[in-house]
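Dear colleague,

I am passing on the structure below, together with some notes on two parts of it. Please read the notes with the coordinates open beside them.

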Amino acid sequence: MATFDVIIVGSGTAGSLTAKTIAKAGFNVCMIDQKPRINIGDKVCGDAIGQHHFEDLSGILGPPKGEELENTITAIELISPDKETVFTVPGDGFIINRHLFGQRLVNEAIDAGVTLIDEALVLEPITDNGWGVHIKNLKENTKQKLIASIIIDASGFHAVIRNKIKMFYDDKIQPTEVEVCYREIRDLNSGLENTQHCKIYLTSSFAPGGYYWIFPEGDSRVNSGLGVQMIPDHKNPKTLFQTHVLNDPLFENSTLIKGGGGVVPTRRPIYSLVDDGLVLVGDSACQVNPIHGGGIGPSMQAGVIAGKTVISALEKEDTSKKSLWNYNLEYMKGYGAKQAGLDLFRILLQLMDDQDLNYGMSHKIMTEEDILNASLGKEFKLRITDKIKRVFRGIRKLSLLNKLRKVAKEMKTIKSMYRNFPKSPDKLDNWISHITNIYQNVYQICGID
Ligand SMILES: Cc1cc2nc3c(=O)[nH]c(=O)nc-3n(C[C@H](O)[C@H](O)[C@H](O)COP(=O)(O)OP(=O)(O)OC[C@H]3O[C@@H](n4cnc5c(N)ncnc54)[C@H](O)[C@@H]3O)c2cc1C
């Protein structure tokens, strides 16, 4: 029975950065992935990441270059359902070759001393007679037990460890907090008009509770996909994509390179990212931007914070949740607060129909600047002037304005709650009940039962 200081389940962006951080401090880290090493990093994704994430990771991870870099981006275009209004939100970023990027991350982890066990499925945690995992070696079809002081669940949305143990608090991911997506990489027959802009199309008719995107991978290759909210009987994103996105003249005579589906949690982070001997990072911790679904950057940043906290816990020889709590404090006051605010906005946004979205965008209730501020986690103000109120004639539109205003207030409150995350585990229950109240207020404002 092999024993390690730390076992990390999953070698995606979250697992690899966490593993590298801890191994660099000299600890014995084992990272397990079901994929063969050569396929690690290959994932259905929009492949877009903001440059600011690499600025935040300066000295830890360099930006993509060479074959890893498919394209550079200077702005995101947000397009209204009637396509009459386009918000161009400036922001530098990259379209990456996800596979090569993932390979770099895993190689850097191995270079730092991490033991990678690839082609091994983690089946479940061991909770009696030690703390560890049962794995199935897919190459040899054998089972094995691995023991560690700390387990890190970086297994993505399906969270193989978190879902198989009882955490010390309740937080169940609701289907409404998940997006189901279908994505294709396509070569176009003609060149793109603008190769530096990512395009996001809002449409509640064709992408209910989500959006579709067209991201330029180069002069004539795009990464395009569609996501819908995972409500009961939701529509199939692949069918919607093929019916409503591929009919764009842009795709005429285009060639499919590859296609596939994926899921992404679009909500606030899990209430506590740690338990005794356990750390959650990346999609397993719900560390994705609830509005646009970007999770590569936050998963890597969280990996570094988690890694530093784990190092300190191992040095103290105390792996209790109390000893690991600092990861919660650091994450929640930064990206966690931003996620929580945007999560409330998501709830309202998902209720808006195409008419609401067209109105809201054409009359600039929110401007490009507001969206930029919101995406950076800053406060934004709604411009609900008398003129806008006149334009928003009719009960329904005025009530939408009121909802917007009220939700914006709750967003401010919840961000402040996350910035003042409880200093110790025993205060978490009380904090959760305040957060639950805020959600209930927002559901009430939005008329959701
Ligand atoms: C369609 C789609 C589009 C997206 N577009 C973007 C985008 O443009 N930009 C962006 O920033 N984010 C995007 N995201 C989100 C982003 O991909 C994730 O947030 C990010 O990859 C999270 O990384 P992770 O390491 O937590 O999980 P993952 O990348 O999912 O890695 C988890 C790893 O765990 C392994 N694993 C899982 N279960 C087991 C098990 N039982 N045993 C062993 N190994 C296991 C998997 O093989 C995998 O390698 C998108 C997601 C989807 C689905």
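In this predicted model, E4 and E5 form a hairpin with six residues between them, and lysine 83, which lies in the turn, has a positive phi of about 60°. The pairing of strand E4 (residues 69-79) with E5 is antiparallel and runs over nine bridges, and within this hairpin glutamate 77 stands opposite threonine 88 of E5. Strand E5 (residues 86-96) also pairs in the antiparallel sense with strand E3 (residues 48-50), here over three bridges, where isoleucine 49 has phenylalanine 94 of E5 as its bridge partner.

The other part concerns two helices. The axes of helix H5 (residues 296-316) and helix H6 (residues 321-349) come within 8 Å and cross at roughly 155°; because angles over 145 degrees count as roughly antiparallel, that makes H5 roughly antiparallel to H6. The crossing in which H5 passes H6 is right-handed.

Which residues of H5 and H6 make the contact? From H5 they are Pro298, Gln301, Ala302, Ile305, Ala306, Thr309, Ala313 and Lys316, while H6 contributes Ser323, Leu324, Asn326, Tyr327, Glu330, Tyr331 and Tyr335. Sorted by class, the contact of H5 with H6 has nine nonpolar residues, four polar ones and two charged ones.

With best regards

Note on methods: Residues are numbered from 1 along each chain as its sequence is written. This is a predicted model: local features need pLDDT of at least 70, side-chain atom pairs count only at pLDDT 80 or more; totals for chains, interfaces and linings use all residues. Axes are lines fitted to C-alpha atoms, for helices over the stretch in contact, and angles run from 0 to 180 degrees between N-to-C directions. Helices (H or I, at least four residues) and strands (E, at least two) are DSSP runs, numbered from the N terminus. Angles under 35 degrees count as roughly parallel, over 145 as roughly antiparallel, 65 to 115 as roughly perpendicular and the rest as oblique. A crossing is left-handed if the near helix is turned anticlockwise from the far one by less than a right angle, and right-handed if clockwise. Two residues are in contact if their C-beta atoms, placed from the backbone, lie within 7 Å. Ala, Val, Leu, Ile, Met, Phe, Trp, Tyr, Cys and Pro count as nonpolar, Asp, Glu, Lys and Arg as charged, and the others, Gly among them, as polar. Two strands pair if DSSP finds at least two bridges between them.
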